[in-house]
Amino acid sequence: MGISTLGDFIYLVAINVLVLNLTGSAAAVAGLWIIGPIASMLTKFWSGSLIDCLNIRRIMIGTDLIHAILVAVIPFFSSIWLIYVCLFFLSVSKAFFEPAALTYITNVVPEKGRKQFNSFRSLITSSAFLIGPAF
(Lines give C-alpha, C1' and ligand atoms only; values in the text may rest on other atoms or scores of the structure.)
Protein backbone atom coordinates (compact mmCIF):
# COMPACT_ATOMS: atom_id res chain seq x y z
CA MET A 1 0.00 0.00 0.00
CA GLY A 2 2.88 2.34 0.78
CA ILE A 3 4.56 1.82 -2.58
CA SER A 4 1.25 2.28 -4.38
CA THR A 5 0.51 5.48 -2.45
CA LEU A 6 3.98 6.82 -3.23
CA GLY A 7 3.42 6.03 -6.89
CA ASP A 8 0.07 7.82 -6.82
CA PHE A 9 1.68 11.06 -5.65
CA ILE A 10 4.52 10.79 -8.18
CA TYR A 11 1.94 10.16 -10.89
CA LEU A 12 -0.21 13.07 -9.68
CA VAL A 13 2.54 15.60 -10.35
CA ALA A 14 3.81 13.88 -13.50
CA ILE A 15 0.41 13.77 -15.22
CA ASN A 16 -0.18 17.47 -14.58
CA VAL A 17 3.23 18.36 -16.02
CA LEU A 18 2.73 16.00 -18.98
CA VAL A 19 -0.63 17.51 -19.92
CA LEU A 20 0.64 21.06 -19.50
CA ASN A 21 3.67 20.32 -21.71
CA LEU A 22 1.52 18.49 -24.25
CA THR A 23 -1.17 21.15 -24.57
CA GLY A 24 0.21 24.32 -23.03
CA SER A 25 -3.27 24.82 -21.61
CA ALA A 26 -4.24 25.29 -17.98
CA ALA A 27 -7.78 24.34 -18.99
CA ALA A 28 -6.54 20.93 -20.17
CA VAL A 29 -4.88 20.44 -16.77
CA ALA A 30 -8.13 21.43 -15.08
CA GLY A 31 -9.83 18.75 -17.18
CA LEU A 32 -7.68 16.19 -15.37
CA TRP A 33 -9.27 17.20 -12.10
CA ILE A 34 -12.81 16.98 -13.48
CA ILE A 35 -12.55 13.45 -14.86
CA GLY A 36 -12.07 11.72 -11.49
CA PRO A 37 -15.22 13.06 -9.84
CA ILE A 38 -17.28 12.35 -12.98
CA ALA A 39 -16.06 8.74 -13.06
CA SER A 40 -16.73 8.41 -9.32
CA MET A 41 -20.28 9.70 -9.67
CA LEU A 42 -20.97 7.25 -12.50
CA THR A 43 -19.39 4.28 -10.72
CA LYS A 44 -19.50 4.45 -6.95
CA PHE A 45 -23.26 4.23 -6.53
CA TRP A 46 -23.29 0.69 -7.99
CA SER A 47 -19.74 -0.61 -7.49
CA GLY A 48 -20.34 -1.48 -3.82
CA SER A 49 -23.09 -3.93 -4.74
CA LEU A 50 -20.80 -5.66 -7.21
CA ILE A 51 -17.93 -5.75 -4.72
CA ASP A 52 -20.17 -7.51 -2.19
CA CYS A 53 -20.87 -10.28 -4.71
CA LEU A 54 -17.29 -10.89 -5.86
CA ASN A 55 -14.00 -11.97 -4.30
CA ILE A 56 -12.64 -8.83 -2.61
CA ARG A 57 -9.02 -9.91 -2.78
CA ARG A 58 -9.25 -10.56 -6.52
CA ILE A 59 -10.92 -7.19 -7.06
CA MET A 60 -8.07 -5.47 -5.23
CA ILE A 61 -5.37 -7.33 -7.15
CA GLY A 62 -7.13 -6.90 -10.49
CA THR A 63 -7.85 -3.21 -10.09
CA ASP A 64 -4.32 -2.54 -8.84
CA LEU A 65 -2.89 -4.31 -11.91
CA ILE A 66 -5.21 -2.35 -14.19
CA HIS A 67 -4.14 0.83 -12.41
CA ALA A 68 -0.45 0.02 -12.92
CA ILE A 69 -0.90 -0.81 -16.60
CA LEU A 70 -2.93 2.34 -17.30
CA VAL A 71 -0.42 4.58 -15.53
CA ALA A 72 2.42 2.89 -17.44
CA VAL A 73 0.88 3.57 -20.87
CA ILE A 74 -0.04 7.22 -20.29
CA PRO A 75 3.42 8.59 -21.25
CA PHE A 76 3.06 6.96 -24.69
CA PHE A 77 -0.13 8.87 -25.53
CA SER A 78 0.23 12.00 -27.62
CA SER A 79 -3.48 12.84 -27.61
CA ILE A 80 -5.07 14.62 -24.67
CA TRP A 81 -8.30 12.69 -25.32
CA LEU A 82 -6.55 9.33 -24.94
CA ILE A 83 -5.09 10.56 -21.66
CA TYR A 84 -8.55 11.65 -20.50
CA VAL A 85 -10.03 8.23 -21.39
CA CYS A 86 -7.19 6.52 -19.55
CA LEU A 87 -7.76 8.75 -16.51
CA PHE A 88 -11.47 7.94 -16.60
CA PHE A 89 -10.71 4.22 -16.40
CA LEU A 90 -8.13 4.86 -13.68
CA SER A 91 -10.84 6.55 -11.63
CA VAL A 92 -13.25 3.68 -12.30
CA SER A 93 -10.67 1.18 -11.07
CA LYS A 94 -10.11 3.35 -7.99
CA ALA A 95 -13.88 3.36 -7.37
CA PHE A 96 -13.68 -0.42 -7.08
CA PHE A 97 -10.36 -0.66 -5.26
CA GLU A 98 -11.05 1.74 -2.37
CA PRO A 99 -14.26 0.17 -1.01
CA ALA A 100 -12.86 -3.33 -1.58
CA ALA A 101 -9.68 -2.41 0.31
CA LEU A 102 -11.66 -0.91 3.18
CA THR A 103 -13.74 -4.09 3.47
CA TYR A 104 -10.68 -6.33 3.15
CA ILE A 105 -8.72 -4.40 5.78
CA THR A 106 -11.68 -4.50 8.15
CA ASN A 107 -11.84 -8.29 7.75
CA VAL A 108 -8.08 -8.91 8.00
CA VAL A 109 -6.93 -6.48 10.70
CA PRO A 110 -8.17 -7.48 14.16
CA GLU A 111 -10.28 -4.86 15.91
CA LYS A 112 -7.65 -4.22 18.58
CA GLY A 113 -5.00 -3.55 15.90
CA ARG A 114 -7.03 -1.15 13.75
CA LYS A 115 -5.94 2.01 15.54
CA GLN A 116 -2.30 1.11 15.05
CA PHE A 117 -2.94 0.10 11.43
CA ASN A 118 -4.73 3.38 10.72
CA SER A 119 -1.87 5.30 12.34
CA PHE A 120 0.69 3.55 10.13
CA ARG A 121 -1.48 4.02 7.05
CA SER A 122 -1.82 7.73 7.80
CA LEU A 123 1.94 8.02 8.32
CA ILE A 124 2.59 6.27 5.00
CA THR A 125 0.10 8.49 3.16
CA SER A 126 1.55 11.68 4.65
CA SER A 127 5.09 10.57 3.90
CA ALA A 128 4.17 9.68 0.33
CA PHE A 129 2.53 13.10 -0.05
CA LEU A 130 5.82 14.73 0.89
CA ILE A 131 8.24 12.40 -0.89
CA GLY A 132 6.26 11.54 -4.05
CA PRO A 133 6.09 15.02 -5.62
CA ALA A 134 9.78 15.57 -4.77
CA PHE A 135 10.67 12.72 -7.14
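Me: What share of the contacts in the chain with a separation of 6 or more comes from residues 24 or more positions apart?

Reply: Such residues account for 75% of those contacts, where a contact means heavy atoms within 4.5 Å. The model is predicted, so local features need pLDDT of at least 70 and side-chain atom pairs count only at pLDDT 80 or more, while totals for chains, interfaces and linings use all residues. Residues are numbered from 1 along each chain as its sequence is written, and side-chain values use heavy atoms, with hydrogens and water left out.

Me: What makes the pattern of the chain α-α-α-α-α?

Reply: The chain has 5 helices and 0 strands, and the pattern follows from reading along the sequence. Helices here are DSSP runs of H or I with at least four residues, strands are runs of E with at least two, and numbering starts at the N terminus. The C-alpha trace spans about 50 × 35 × 20 Å along its principal axes.

Me: How do helices H2 and H4 pack?

Reply: H2 covers residues 26-53 and H4 residues 80-108; their axes are 7 Å apart, at an angle of about 35°. The axes are lines fitted to C-alpha atoms over the stretch in contact, and the angle, on a scale from 0 to 180 degrees, is between N-to-C directions. The crossing is right-handed, that is, the near helix is turned clockwise from the far one by less than a right angle (anticlockwise would be left-handed).

Me: Which classes of residue make the contact of H2 with H4?

Reply: The contact has 19 nonpolar, 5 polar and 2 charged residues. Ala, Val, Leu, Ile, Met, Phe, Trp, Tyr, Cys and Pro count as nonpolar, Asp, Glu, Lys and Arg as charged, and the others, Gly among them, as polar.

Me: Why is Ala-39 called buried?

Reply: Its relative accessible area is 0%, and buried means under 20% (exposed is over 50%, partly exposed in between, with a 1.4 Å probe and protein chains only). Ala-39 lies in helix H2 and touches Phe-88, Ser-91 and Val-92, not counting residues up to four places away in sequence. Its C-alpha atom is 9.0 Å from that of Leu-87, 48 residues apart along the chain. Across the chain of 135 residues, 30% are buried.

Me: What makes Lys-44 and Glu-98 a salt bridge?

Reply: The N to O distance is 3.7 Å, and the rule asks for a side-chain nitrogen of Lys or Arg within 4 Å of a carboxyl oxygen of Asp or Glu. The pair therefore qualifies. Lys-44 is in helix H2 and Glu-98 in helix H4, so the bridge ties together parts that are 54 residues apart in sequence. Lys-44, at 41% relative accessibility, is partly exposed, and Glu-98, at 34%, is partly exposed too.

Me: Why are Lys-44, Lys-94 and Glu-98 described as a network?

Reply: Salt bridges link these three residues. Glu-98 also meets Lys-94, at 3.7 Å from N to O. Glu-98 and Lys-94 are 4 residues apart in helix H4, about one helical turn, and Lys-94 is partly exposed at 46%. The count comes to 2 salt bridges.

Me: How many aromatic pairs does a search of the whole structure find, and why is the pair of Trp-46 and Phe-96 called edge-to-face?

Reply: The search finds 4 pairs. Trp-46 and Phe-96 are 5.5 Å centre to centre, with 70° between the planes. Rings of Phe, Tyr and Trp (its six-membered ring) pair if their centres lie within 6.5 Å; planes under 30 degrees apart are stacked, over 60 edge-to-face, and the rest tilted. Both values therefore meet the rule. Trp-46 lies in H2 and Phe-96 in H4, so the pair joins parts that are 50 residues apart in sequence. Trp-46 is partly exposed at 37%, whereas Phe-96 is buried at 13%.

Me: What makes the pair of Trp-81 and Tyr-84 edge-to-face?

Reply: The ring centres are 5.4 Å apart and the planes are at 80°, so the pair is edge-to-face. Both residues lie in helix H4, 3 residues apart, about one turn. Trp-81 is exposed at 61%, while Tyr-84 is buried at 13%.

Me: How do the axes of H1 and H2 cross?

Reply: The axes of H1 (residues 2-23) and H2 come within 8 Å and cross at roughly 145°. The contact includes Leu-12 and Ile-15 of H1 and Leu-32 and Trp-33 of H2. By class it has 9 nonpolar, 2 polar and no charged residues.
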